[in-house]
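Visitor: I'd love a close look at one part of this protein, the cysteines, and then a walk through whatever surrounds them in your notes on rings and pockets. Could you take me through it at an easy pace?

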Amino acid sequence: MDVKFIELQSHGDERGSLVSLEENKNIPFEIKRVYYIFDTKEQVRRGLHAHKKLKQLAIVLKGSCRFLLDNGSEKIEILLDNPSQGLYIESVIWREMFDFSDDCVLMVLADSVYDESDYIRGYEDFIRIVKNAS
Ligand code: T46
């Protein structure tokens, strides 16, 4: 599965903690876009798509949520609850986000600007694209 945790060094002292994000250093791509998801409602499931090319790094700044990640042959579930950890998600991975805590703030760094034509919105289309690539 083309996903991995990236440990983000936290500079902590008696005042608190600080994490710095730098493109092509601790973030493995040029950062073209940042967005964040917050104020999520109970029982919601977001995502439910894959991307043709987009690579992203997801960091929970506050609270927690879970990701279901699926590469067409394997599914894994990951809990994100640590702002010093980034979840790197390559392209052509189906993702669903759920179990958001009330206070969850999920920030995502992306290697490209928003482009609806990069989304694979249907699961069957996703499976077809994975099979054609292999
Ligand atoms: C992803 C997961 C982790 C924009 O206008 N610009 C943006 O950059 C984004 C990401 C979204 N939007 C608009 C499009 C929709 O009208 O915001 C609305 C909600 O987006 P969406 O339903 O795609 O959100 P999620 O939470 O299902 O998925 C998002 C990202 O879209 C996606 O790339 O991997 O978070």
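Guide: Happy to. The sulfur of Cys104 has its closest cysteine sulfur in Cys65, 4.4 Å away, and that is too far for a bond. Please keep in mind that this is a predicted model. A disulfide here needs two cysteine sulfur atoms within 2.5 Å, so the count comes to zero disulfides. Seen from the other side, Cys65 is in no disulfide either, with the sulfur of Cys104 as its nearest cysteine sulfur. Both side chains are hidden from solvent: Cys65 is buried at 0% relative accessibility, and Cys104 is buried too, with a relative accessible area of 1%.

Now to the aromatic rings. The structure holds six aromatic pairs. One of them joins Tyr123 and Phe126 in a tilted arrangement, with 5.6 Å from centre to centre and 45° between the planes. These two residues sit three apart in helix H1 (residues 123–133), so about one helical turn separates them. Their surroundings are not alike: Tyr123 is partly exposed, with a relative accessible area of 32%, whereas Phe126 is buried at 0%. Trp94 joins Tyr123 and Phe126 to make one aromatic cluster. Another ring has a charged neighbour: Arg45 lies over the face of Phe98, at 4.2 Å from the ring centre.

Trp94 and Phe98 also lead us to the pockets, as strand E10 (94–98) supplies at least two residues of the lining of the largest pocket. That pocket holds about 230 Å³ of space. Its lining has 19 residues, and those nearest its centre are Tyr35, Ile37, His49, Gln56 and Met97. Strands E4 (33–38), E6 (56–62), E9 (85–89) and E11 (105–110) are among the others that each give at least two residues, while E5 gives the most, with four. By character, the lining divides into twelve nonpolar, four polar and three charged residues.

The second largest pocket has a volume of about 150 Å³. It is lined by 13 residues, and Lys53, Leu54, Ser112, Asp115 and Asp118 are the closest to its centre. Here the lining divides into four nonpolar, three polar and six charged residues.

To come back to where you started: Cys65 and Cys104 have their sulfurs 4.4 Å apart, too far for a bond.

Conventions:
Residues numbered from 1 in each chain as written. Predicted model: local features only at pLDDT ≥ 70, side-chain atom pairs only at ≥ 80, totals over all residues. Heavy atoms only, no water. Phe/Tyr/Trp six-rings, centres within 6.5 Å; stacked < 30°, edge-to-face > 60°. Buried < 20%, exposed > 50% of the residue type's maximum accessible area, 1.4 Å probe, protein only. Lys NZ or Arg CZ within 6 Å of the ring centre and 35° of its normal. 1 Å grid on protein atoms, 1.4 Å probe; cavity = no way out; pocket = protein on both sides within 12 Å on 5 of 7 lines; lining within 4 Å. Points joined across faces, edges and corners; volume = space filled by probe spheres on them. Nonpolar A, V, L, I, M, F, W, Y, C, P; charged D, E, K, R; others polar.
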